[in-house]
Amino acid sequence: MRLDIFLKASGIIKRRSLANELCDRGLVSVNGAKGKAGRVLKEGDIVDVKVGMYKYKLEVLSLPEKKVNRLTEGNFRILEKSVEKVDG
């Protein structure tokens, strides 16, 4: 499964176009390397993504054979979720 499709199907990102944009801007990494939208994920990959003030670290547990609209909790798990404070 492609990285951009995974991000949308996981519910972390609402639109695939936004997932592509975050990848292009360098806000997504896979196993510590810059995550390109077309990168094919495999089981065991660690995905870091920054969306607005939220940061997520996900572990890919399993991937469906075909494209799906929504992944289940059994396909990935959230290792970390944090919020960056914005000075205002």
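In what order do the strands of the open sheet stand? Let's start there, since the sheet gives us a frame for the rest. Please keep in mind that this is a predicted model.

The open sheet has 5 strands, and their order is 2-1-3-4-5, with antiparallel pairing. Strand 2, residues 33–34, and strand 5 are at the edges with a single partner strand each, so each has one side without a neighbour in the sheet.

Let's walk across the pairs. Strand 1 and strand 3 run antiparallel and are joined by 3 bridges. If you would like a landmark there, take Val-30, whose bridge partner in strand 3 is Val-47.

Next come strand 3 and strand 4, an antiparallel pair with 6 bridges. Here you can find Lys-50 standing opposite Lys-55 in strand 4. These two strands form a hairpin, with 2 residues between them. In that turn, Gly-52 has a positive phi of about 60 degrees.

Then we reach strand 4 and strand 5, which also run antiparallel, joined by 7 bridges. A pair to look for is Tyr-56, opposite Lys-81 in strand 5.

Now let's put the helices on. Helix 1 packs on the sheet, where it touches strand 1, strand 3, strand 4 and strand 5. The direction of helix 1 makes about 70 degrees with that of strand 3. Helix 2 packs on the sheet too, touching strand 1, strand 2 and strand 3. For helix 2, the angle with the direction of strand 3 is about 100 degrees.

How do the two helices sit against each other? Helix 1, residues 3–10, and helix 2, residues 16–24, pack at an angle of about 125 degrees, and their axes are 8 Å apart. That angle makes helix 1 oblique to helix 2. The crossing is right-handed.

For the side-chain people among us, here is who meets whom. From helix 1 we have Leu-3, Asp-4, Ile-5, Leu-7 and Lys-8, and from helix 2 they meet Arg-16, Ala-19, Asn-20 and Cys-23. Sorted by class, that contact has 5 nonpolar, 1 polar and 3 charged residues.

So how many of the 8 residues of helix 1 are buried? It is 7 of the 8, so helix 1 is largely enclosed by the rest of the structure. The buried ones are Leu-3, Asp-4, Ile-5, Phe-6, Leu-7, Ala-9 and Ser-10. They pack against helix 2 and against strand 1, strand 3, strand 4 and strand 5. Just after helix 1 comes Gly-11, with a positive phi of about 90 degrees.

Let me finish with a few single residues that you may want to click on.

The first stop is Asn-20, in helix 2. Is Asn-20 buried or partly exposed? With a relative accessible area of 23%, Asn-20 is partly exposed, because buried would need a value under 20%. Setting aside neighbours within four places in sequence, Asn-20 is in contact with Arg-2, Asp-4 and Ala-37. Asn-20 is also 19 residues from Met-1 in sequence, and the two C-alpha atoms are 14 Å apart in space.

Now over to strand 1, where we find Ser-29. Ser-29 has a relative accessible area of 17%, so this residue counts as buried. Beyond its neighbours within four places in sequence, Ser-29 is in contact with Lys-34, Gly-35, Ile-46, Val-47 and Asp-48.

A little further along is Asn-31, in the loop between strand 1 and strand 2. At 40% relative accessibility, Asn-31 counts as partly exposed. The backbone deserves a look here. Most residues other than glycine have a negative phi. Asn-31 is not a glycine, and yet its phi is positive, near 55 degrees.

The last stop is Asn-75, in the loop between strand 4 and strand 5. Asn-75 is buried, with a relative accessible area of 11%. What does Asn-75 touch, not counting residues up to four places away in sequence? The answer is Glu-59, Val-60, Leu-61, Ser-62, Leu-63 and Pro-64. With Val-60, the C-alpha separation is 6.3 Å, although the two residues are 15 residues apart along the chain.

That's my tour, and thanks for listening!

Key: Residues numbered from 1 in each chain as written. Predicted model: local features only at pLDDT ≥ 70, side-chain atom pairs only at ≥ 80, totals over all residues. Heavy atoms only, no water. Axes fitted to C-alpha atoms, helices over the stretch in contact; angles between N-to-C directions. Helix = DSSP H or I, 4+ residues; strand = E, 2+ residues; numbered from the N terminus. Parallel < 35°, antiparallel > 145°, perpendicular 65-115°, else oblique. Left-handed = near helix turned anticlockwise from the far one by under 90°. Contact = heavy atoms within 4.5 Å. Nonpolar A, V, L, I, M, F, W, Y, C, P; charged D, E, K, R; others polar. Buried < 20%, exposed > 50% of the residue type's maximum accessible area, 1.4 Å probe, protein only. Pairing = 2+ DSSP bridges.
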